[in-house]
Amino acid sequence: MDGFFFLFKYAIAGIKLAILLDRNVKLHILTGFVVIFLSYILKISKFEFIFVLFSIFFVLITEFINTAIEEMTNLIKKEHSREAMIAKDVAAAAVLLSAIFAIVVGFIIFSPYFLALI
């Protein structure tokens, strides 16, 4: 059982490092907390909340992968190269697509609640 919890040590360290190294991770986490708070205030359904949580985690996961790819690329390739640029740009594109997905989900879920307030 000790080995099982030992694995979490590295995962938690990775989360801490991503937060420390990447301001975009900080921004996505802050945004996620704001959206969760908004979900609570507007009393969205449990089903809607699942989509909101999925969207938040999807963006965070892609941002973590992007950070890992950027750091690994910087380690392997000190000088600029086309291959390094492709790796970094494609990873950044994954984050952009996940963020667009989250915005669309947020718009679909939250717009009826905001319209009802007007």
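**View A. Phenylalanine 54, a partly exposed ring in a predicted model.** In this predicted model, phenylalanine 54 has a relative accessible area of 47% and is partly exposed. Its place is in helix α3, which spans residues 46-76. The ring pairs with that of phenylalanine 101. Their centres are 6.0 Å apart, and the planes meet at 85°. That pair is edge-to-face. Phenylalanine 101 belongs to helix α4, so the pair links distant parts of the chain, 47 residues apart. Phenylalanine 101 is also partly exposed, at a relative accessible area of 33%.

**View B. Phenylalanine 58 and phenylalanine 101, an edge-to-face pair.** The ring centres of phenylalanine 58 and phenylalanine 101 lie 5.8 Å apart. Between the planes the angle is 90°. Phenylalanine 58 sits in helix α3 and phenylalanine 101 in helix α4, so this pair ties together parts 43 residues apart in sequence. Phenylalanine 58 has 33% relative accessibility and counts as partly exposed.

**View C. One aromatic cluster.** Which residues form the cluster? Phe54, Phe58 and Phe101 do. Phe101 takes part in a pair with Phe54 and in a pair with Phe58. The count of aromatic pairs in the model comes to five.

**View D. Helix α2 beside helix α4.** Helix α2 covers residues 23-42, and helix α4 covers residues 82-117. Their axes come within 12 Å. The crossing angle is roughly 25°. An angle under 35 degrees counts as roughly parallel, so α2 is roughly parallel to α4. The crossing of α2 past α4 is left-handed.

**View E. The residues between α2 and α4.** From α2, the contact is made by His28, Val35, Leu38, Ser39 and Leu42. From α4 come Val95, Phe110, Tyr113, Phe114 and Leu117. What classes of residue make this contact? Eight are nonpolar and two are polar. There are no charged residues in the contact of α2 with α4.

**View F. Threonine 62, buried in helix α3.** Threonine 62 has its place in helix α3. Is threonine 62 buried or exposed? Its relative accessibility is 12%, so threonine 62 counts as buried. Neighbours within four places in sequence are left aside here. Beyond them, threonine 62 is in contact with Ala94, Val95 and Ser98. Val95 also appears in the contact of α2 with α4.

**View G. Glutamate 70, further along helix α3.** Helix α3 also holds glutamate 70. This residue is partly exposed, and its relative accessible area is 27%. How far apart in space are glutamate 70 and alanine 99? They are 18 Å apart, C-alpha to C-alpha. In sequence, glutamate 70 and alanine 99 are 29 residues apart.

**View H. Lysine 43, a positive phi in a loop.** Lysine 43 lies in the loop between α2 and α3. Most residues other than glycine have a negative phi. Lysine 43 is not a glycine, yet its phi is positive, about 55°. Its relative accessibility is 66%, so lysine 43 counts as exposed.

Key:
Residues are numbered from 1 along each chain as its sequence is written. This is a predicted model: local features need pLDDT of at least 70, side-chain atom pairs count only at pLDDT 80 or more; totals for chains, interfaces and linings use all residues. Side-chain values use heavy atoms; hydrogens and water are left out. Axes are lines fitted to C-alpha atoms, for helices over the stretch in contact, and angles run from 0 to 180 degrees between N-to-C directions. Helices (H or I, at least four residues) and strands (E, at least two) are DSSP runs, numbered from the N terminus. Angles under 35 degrees count as roughly parallel, over 145 as roughly antiparallel, 65 to 115 as roughly perpendicular and the rest as oblique. A crossing is left-handed if the near helix is turned anticlockwise from the far one by less than a right angle, and right-handed if clockwise. Contact means heavy atoms within 4.5 Å. Ala, Val, Leu, Ile, Met, Phe, Trp, Tyr, Cys and Pro count as nonpolar, Asp, Glu, Lys and Arg as charged, and the others, Gly among them, as polar. Rings of Phe, Tyr and Trp (its six-membered ring) pair if their centres lie within 6.5 Å; planes under 30 degrees apart count as stacked, over 60 as edge-to-face and the rest as tilted. Buried means under 20% relative accessible area, exposed over 50%, partly exposed in between (1.4 Å probe, protein chains only).
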